[in-house]
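User: I would like a close look at a single part of this model, with its surroundings described step by step. Please take one helix and the loop that comes after it, and connect them to the rest of the chain.

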Amino acid sequence: MSINLKQSVKCPKCSQMSDITVWSSITVKDSPDLKSDLLSGKINMFKCPSCENMALMPHPMLYHDEEKRLMISFSPTNDPVLKEQMFQNVKESSSKSGELEKLEGYNLRFITEYNELLEKVLIFDNELNDKVIEVIKLMILSQDVEKSEQRNCRFGKICDDGLEFMIHDFIENQVYTSTVPKSSYDTVYKSLLESGMKPYSFDWEVVDSTYATRLLNGFNNNF
Ligand SMILES: [Zn+2]
C-alpha cells in the first residue's frame with residue numbers, strides 16, 4: 001500500500017512556508033504513477049514555490065515491487081554511523097515482526113542515497129542483478145586506478161551495444177560513459193553464481209562497492 005502524509009515545510013533558503021506530500025511507502029502495483037515520479041526525482045523532493053530551492057525530505061521510504069520481488073528501504077543520511085544503526089534497526093524490526101519470513105525469494109536492499117535508490121530501481125527494471133552490476137562497476141573504475149577515488153560509476157541504461165554506465169569524475173568535473181557487452185554481464189553473473197552467490201536475499205542487504213569487493217574476495221550470501 002502506498003502511504004503519504006502532508007506536511008508544511010519552511011524553505012531553508014527563503015523561509016517561505018509551503019505544503020508537501022511526503023511518501024513513506026510506495027507499492028508499484030497500486031501506484032505506477034508514483035514510480036514514474038520517483039524515477040524523475042520528484043518523490044520526497046521539496047521544491048520551494050517561491051525561490052525554487054530544492055531539498056530532499058529526510059524521511060525514510062519503503063519501495064515495494066511485488067512483481068519483481070524487490071523491496072528497498074530508503075533512509076536518507078550521509079552519516080556512516082547513523083547508516084549502520086538504521087540498517088541494524090531495519091533488520092531487527094523486519095525479523096521480529098515476522099515480515100522477513102514472508103519475503104522469501106525477495107531482494108531486500110537498504111539504501112541511504114537518493115541516486116542509489118533510483119539506480120537500483122532501474123537495474124531491477126532492466127531485469128539485471130545489482131550485485132553483478134556493483135562488481136562490473138568496480139571493474140570499470142579499476143581501469144584507471146589512479147582516478148578511481150575521484151570517480152563515481154552508475155548504471156545508466158541498456159543500449160544496443162550492451163550496458164551503459166555513467167562515470168562522474170568530481171575533480172575533472174566530467175561525465176564519461178562506458179559500455180559493457182551483455183555477454184560480459186552474463187559471464188560475471190555466472191561466475192558469481194558458481195562461487196555461491198544467491199540472486200535473492202536471506203536478510204536485508206547493503207549492496208554497494210564494499211559488498212562487491214567482498215564478493216570478489218570470495219564472500220557469498222549463501223548462509
Ligand atoms: Zn524558498
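Analyst: What follows looks at helix H6 and the loop between H6 and H7, in a model that is predicted.

To set the scene, the secondary structure of the chain comes to seven helices and 10 strands, and the C-alpha trace spans about 55 × 50 × 35 Å along its principal axes. For 223 residues a compact globule would have a radius of gyration near 17 Å, and the 19 Å of the chain agrees with that. Of these 223 residues, 19% count as buried. Among the contacts with a separation of 6 or more, 54% are made by residues 24 or more positions apart.

Helix H6 covers residues 182–194. Its 13 residues, at 1.5 Å a residue, should span 18 Å, and because the end C-alpha atoms are 18 Å apart, the helix agrees with that expectation. The number of buried residues among those 13 is one, so H6 lies largely in the open.

Even so, H6 has a partner in helix H5, which is made of residues 130–141. The two axes come within 10 Å and cross at roughly 115°; because angles of 65 to 115 degrees count as roughly perpendicular, H5 and H6 are described in that way. The crossing in which H5 passes H6 is right-handed. On the H5 side the residues that meet H6 are Lys131, Val132, Val135 and Ile136, while Tyr185, Val188, Tyr189 and Leu192 are their counterparts in H6. A general point helps in reading such a pattern: an α-helix has 3.6 residues a turn, so residues three or four places apart point the same way.

Just after H6, glycine 196 takes a positive phi of about 110°. Further along, valine 207 is found in the loop between H6 and helix H7, the latter being residues 209–216. Is valine 207 buried or exposed? It has 23 C-beta neighbours inside 10 Å, and because 20 or more are needed for a residue to count as buried, valine 207 is classed as buried.

Leaving aside residues up to four places away in sequence, valine 207 touches Arg109, Asp130, Lys131 and Glu134. Lys131 therefore appears in both sets of contacts, since this H5 residue is also among those that meet H6. By way of a longer reach along the chain, valine 207 and proline 80 are 127 residues apart, and their C-alpha atoms are separated by 15 Å.

Note on methods: Residues numbered from 1 in each chain as written. Predicted model: local features only at pLDDT ≥ 70, side-chain atom pairs only at ≥ 80, totals over all residues. Helix = DSSP H or I, 4+ residues; strand = E, 2+ residues; numbered from the N terminus. Buried ≥ 20, exposed ≤ 12 C-beta atoms within 10 Å, placed from the backbone. Contact = placed C-beta atoms within 7 Å. Expected span 1.5 Å × (residues − 1). Rg over C-alpha atoms; globule rule 2.2 N^0.38 Å. Axes fitted to C-alpha atoms, helices over the stretch in contact; angles between N-to-C directions. Parallel < 35°, antiparallel > 145°, perpendicular 65-115°, else oblique. Left-handed = near helix turned anticlockwise from the far one by under 90°.
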